[in-house]
Amino acid sequence: MSTRRRNEYKLYYFNTKGRAELARLILAYAKVPYDDIRYEREDWPKHKDRMPNGQLPVLEWKGQLLPESLAIARFLARRHNLAGTDEWQWAKIDAMTDTIYDTLGEAKLIFMAGEDEEKKKEAVGNFSKNAIEPLFKRLDKMLEDNGTDYLIGNQCSMADLALFSCYDFAVALCGDRLPKCQHVAALHARVGQIPSIKAWIEKRPVTPF
Ligand SMILES: N[C@@H](CCC(=O)N[C@@H](CS)C(=O)NCC(=O)O)C(=O)O
């Protein structure tokens with residue numbers, strides 16, 4: 001009989017960072033082992049009907065299934081000490097994470113451009129100028145004014161991990177069109193140096209997005 005303990009969580013998604021990476025970063029930060037289940041696109045139809053909304057990501061915990069990427073991230077952040085030190089901090093962390101997620105949602109026009117390179121280039125330019133630049137500039141000023149190492153309070157939270165993930169996504173899409181925001185870049189580097197995050201970045205499957 002195997003003596004290996006079962007992992008507490010199973011996280012179902014596709015083989016991309018996408019909407020699951022924030023949950024993966026939270027679990028990496030907290031050093032919680034979990035089953036990182038990545039469906040191939042061609043196998044997805046077999047599993048779709050079992051999922052509460054017919055979509056991924058889904059978190060399985062104690063035999064129950066939780067859909068919605070942000071609900072999953074919030075649940076994990078609360079359980080693993082990434083939710084701030086009081087209710088107001090938690091509300092601010094929550095709001096900041098929503099803001100970052102909404103900004104990422106603006107990238108959909110890039111993916112909708114498909115193989116049309118001209119349209120894609122234009123959409124990347126718009127995303128960089130109208131979505132990423134205003135967000136990063138606002139956060140840069142906020143970090144400078146607050147003089148803190150993290151977005152909310154004095155310790156790493158779900159919001160910092162969301163920004164870390166958003167920054168990587170923006171670099172992958174916009175490259176040198178990314179605005180130069182030194183405090184945001186420093187925060188990204190700081191989070192990337194947290195040993196458990198660094199270990200995850202080194203071992204995670206390599207995918208563009
Ligand atoms: N609001 C949901 C959206 C989930 C969603 O759009 N999932 C996509 C992948 S990113 C999906 O499952 N697509 C496959 C399908 O709809 O069959 C969330 O944030 O989790």
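Q: A residue is buried if 20 or more other C-beta atoms, placed from the backbone, lie within 10 Å of its own, exposed if 12 or fewer, and partly exposed in between; what makes Asn-15 partly exposed?
A: Asn-15 has 13 other C-beta atoms within 10 Å, which falls between the two cut-offs, so it's partly exposed. You'll find Asn-15 in the loop between β1 and α1. Those element names come from DSSP runs (H or I, at least four residues, for helices; E, at least two, for strands), numbered from the N terminus.

Q: What kind of model is this, and how are residues numbered?
A: It's a predicted model, where local features need pLDDT of at least 70 and side-chain atom pairs count only at pLDDT 80 or more, while totals for chains, interfaces and linings use all residues. Residues are numbered from 1 along each chain as its sequence is written.

Q: How do you know which residues Asn-15 touches?
A: Contact takes C-beta atoms within 7 Å, again placed from the backbone. Leaving out residues up to four places away in sequence, Asn-15 touches Arg-38, Pro-205 and Thr-207. Also, Asn-15 and Val-206 are 191 residues apart in sequence, yet their C-alpha atoms are 9.1 Å apart in space.

Q: Why does Phe-136 count as buried?
A: Phe-136 has 23 C-beta neighbours inside 10 Å, and that clears the bar for buried. It lies in helix α6 (residues 117-146). Beyond its neighbours within four places in sequence, Phe-136 is in contact with Pro-179, Cys-181 and Val-184. Its C-alpha is also 9.2 Å from that of Leu-178, which is 42 residues apart along the chain.

Q: Why is α1 called mostly covered?
A: Nine of its nine residues are buried, including the charged-class Glu-21 and Arg-24. As for what does the covering, β1 (9-14), β2 (34-39), β3, α3, α7 and α9 (195-203) are among the elements involved.

Q: Why are α1 and α7 said to be oblique?
A: Helix α1 (residues 21-29) packs on helix α7 (residues 158-174) at about 125°, with the axes 9 Å apart. The axes are lines fitted to C-alpha atoms over the stretch in contact, and angles run from 0 to 180 degrees between N-to-C directions. Under 35 degrees is roughly parallel, over 145 roughly antiparallel, 65 to 115 roughly perpendicular, and the rest oblique. The α1/α7 angle lands in the rest, so the pair is oblique. The crossing is right-handed, meaning the near helix is turned clockwise from the far one by less than a right angle (anticlockwise would be left-handed). On the α1 side the contact uses Glu-21, Leu-22, Leu-25, Ile-26 and Tyr-29, and on the α7 side Met-158, Leu-161, Ala-162, Phe-164 and Ser-165. By class that's eight nonpolar, one polar and one charged; Ala, Val, Leu, Ile, Met, Phe, Trp, Tyr, Cys and Pro count as nonpolar, Asp, Glu, Lys and Arg as charged, and the others, Gly among them, as polar.

Q: What makes α4 and α7 roughly parallel?
A: The axes of α4 (residues 87-105) and α7 cross at roughly 15° and come within 8 Å. That angle is below the parallel limit, so roughly parallel is the right label. This crossing is left-handed. From α4, Ile-93, Met-96, Thr-97, Ile-100, Tyr-101, Thr-103 and Leu-104 meet Met-158, Ala-159, Ala-162, Leu-163, Cys-166 and Phe-169 of α7. The tally is eleven nonpolar, two polar and no charged.

Q: What makes Lys-62 exposed?
A: Lys-62 has 6 C-beta neighbours inside 10 Å, under the exposed cut-off, so exposed it is. It sits in the loop between β3 and β4 (64-67). Its phi is positive, about 50°, although it's not a glycine. Most residues other than glycine have a negative phi.

Q: What makes a residue part of the shell around the ligand, and which residues qualify?
A: The residue's C-beta atom has to lie within 6 Å of the ligand. The shell is Gly-18, Arg-19, Lys-48, Gln-55, Leu-56, Pro-57, Glu-68 and Ser-69, sorted into two nonpolar, three polar and three charged. The peptide bond from Leu-56 to Pro-57 is cis, with omega near 10°.

Note on methods. Contact = placed C-beta atoms within 7 Å.
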